[in-house]
Amino acid sequence: MKLLILDRDGVINQDSDAYIKSLDEWIPIPGSIEAIAQLSKAGWTVAVATNQSGIARGYYSLATLDAMHARLRELVAAQGGEVGMIVYCPHGPDEGCACRKPKPGMLHTIASHYAVDLAGVWFVGDSKGDLEAARTVDAQPVLVKTGKGEQTLSKGVPEATLIFDDLASIASALIHQQAG
Ligand SMILES: [Mg+2]
Ligand SMILES: [Zn+2]
């Protein structure tokens, strides 16, 4: 199967240093919904792995997080696509969990759900922790310049990292690569 894994904040929707705390604050980055729908229609399974320590910090509830993910699914479905497994880490940075990126726990969860090997699977993120999580499991680190991406890039990224402007550019590259 063709599996693509995405970080959420800064990749699919606009990020905020003040956290995305409500459905109103969950605003798709232009072209991202269409990109996921196009990838899905081209045969890609698009999964999501997102750190959501705002849950542990008490900034928003699991019900609110679920509502954001339901909105994401609805918007992609309206474009004829489908979102795959969405995994989130609700823990804080001091809890020592196995899922919070840069740890690769969520990537393992997705891989076992779909029974695939993570080697070479693209994991798209805008933060250093995303790139590190990918490298830990021999997945392909992919950086987008949206969200914190420009800032991450300016601090230096692993040598093997692929860099794209945004999710729309990734969709177009993967779909054309497949066609050609
Ligand atoms: Mg992010
Ligand atoms: Zn966790």
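This passage walks through a predicted model, starting with a helix pair and moving on to a metal site and some backbone oddities.

Helix α1 is a good place to start. Spanning residues 32–41, α1 is mostly covered, with seven of its ten residues buried. Those seven are S32, I33, A35, I36, A37, L39 and S40. Right after α1 comes G43, which has a positive phi of about 100°.

Two packed helices are described by the angle between their axes and the distance between the axes. For α1, the partner to look at is α2, made of residues 62–78. The two axes come within 8 Å and cross at roughly 65°. Since angles of 65 to 115 degrees count as roughly perpendicular, α1 and α2 are therefore roughly perpendicular to each other. The crossing of α1 past α2 is right-handed. On the α1 side, the contact is made by I33, I36 and A37, and on the α2 side by L72, L75 and V76. In kind, the residues of this contact come out as six nonpolar, no polar and no charged. An α-helix has 3.6 residues a turn, so residues three or four places apart point the same way. The α1 contributors I33, I36 and A37 can be looked at with that in mind, and they also appear among the buried residues of α1.

Helix α2 also holds R73. With a relative accessible area of 34%, R73 is partly exposed. Its C-alpha atom sits 9.8 Å from that of A37, a residue 36 places away along the chain. Setting aside residues up to four places away in sequence, R73 touches V83, G84, M85 and I86.

Next comes the metal site. The magnesium ion (ligand 1) is coordinated by D7 (OD), D9 (O) and D126 (OD), at 2.1 to 2.2 Å. Along the sequence, these donor residues follow the spacing D-x1-D-x116-D. D7 and D126 bring together distant parts of the chain, 119 residues apart. D7 belongs to the loop between β1 (2–6) and α1, while D126 belongs to the loop between β4 (122–125) and α4 (128–136). Both of these aspartates, D7 and D126, are buried.

One of the residues in contact with D126 is T146, found in the loop between β5 and α5. T146 has 16% relative accessibility, so it counts as buried, the cut-off being under 20%. Beyond residues up to four places away in sequence, T146 touches G10, V11, I29, D126, D165 and D166.

The loop that carries D126 leads towards α4. Within α4, the buried residues are G129, D130, L131, A133 and A134. The elements covering them include α3 (105–114), β4, β5 (140–144) and α5 (149–154). After α4 comes D138, with a positive phi near 65°.

Helix α5, part of that cover, contains L153. At 26% relative accessibility, L153 counts as partly exposed. Not counting neighbours within four places in sequence, L153 is in contact with L143, K145 and I163. As for L75 of the α1–α2 contact, its C-alpha atom is separated from that of L153 by 29 Å, with their positions 78 residues apart along the chain.

That leaves the backbone oddities. Most residues other than glycine have a negative phi, and most peptide bonds are trans. Y19, however, is a residue other than glycine with a positive phi, near 70°. Y19 is placed in the loop between β1 and α1 and is partly exposed, with a relative accessible area of 24%. A115 also has a positive phi, about 55°, although it is not a glycine. A115 lies in the loop between α3 and β4, and at 71% relative accessibility it counts as exposed. Finally, K101 and P102 are joined by a cis peptide bond, with omega about 20°. P102 is in the loop between β3 (86–89) and α3.

Note on methods. Residues are numbered from 1 along each chain as its sequence is written. Chains are lettered from A and ligands numbered from 1 in the order in which they are written. This is a predicted model: local features need pLDDT of at least 70, side-chain atom pairs count only at pLDDT 80 or more; totals for chains, interfaces and linings use all residues. Side-chain values use heavy atoms; hydrogens and water are left out. Buried means under 20% relative accessible area, exposed over 50%, partly exposed in between (1.4 Å probe, protein chains only). Helices (H or I, at least four residues) and strands (E, at least two) are DSSP runs, numbered from the N terminus. Axes are lines fitted to C-alpha atoms, for helices over the stretch in contact, and angles run from 0 to 180 degrees between N-to-C directions. Angles under 35 degrees count as roughly parallel, over 145 as roughly antiparallel, 65 to 115 as roughly perpendicular and the rest as oblique. A crossing is left-handed if the near helix is turned anticlockwise from the far one by less than a right angle, and right-handed if clockwise. Contact means heavy atoms within 4.5 Å. Ala, Val, Leu, Ile, Met, Phe, Trp, Tyr, Cys and Pro count as nonpolar, Asp, Glu, Lys and Arg as charged, and the others, Gly among them, as polar. Donors are N, O and S atoms within 2.8 Å of the metal (3.2 Å for Na, K and Ca); water is not among the atoms, so sites may look incomplete.
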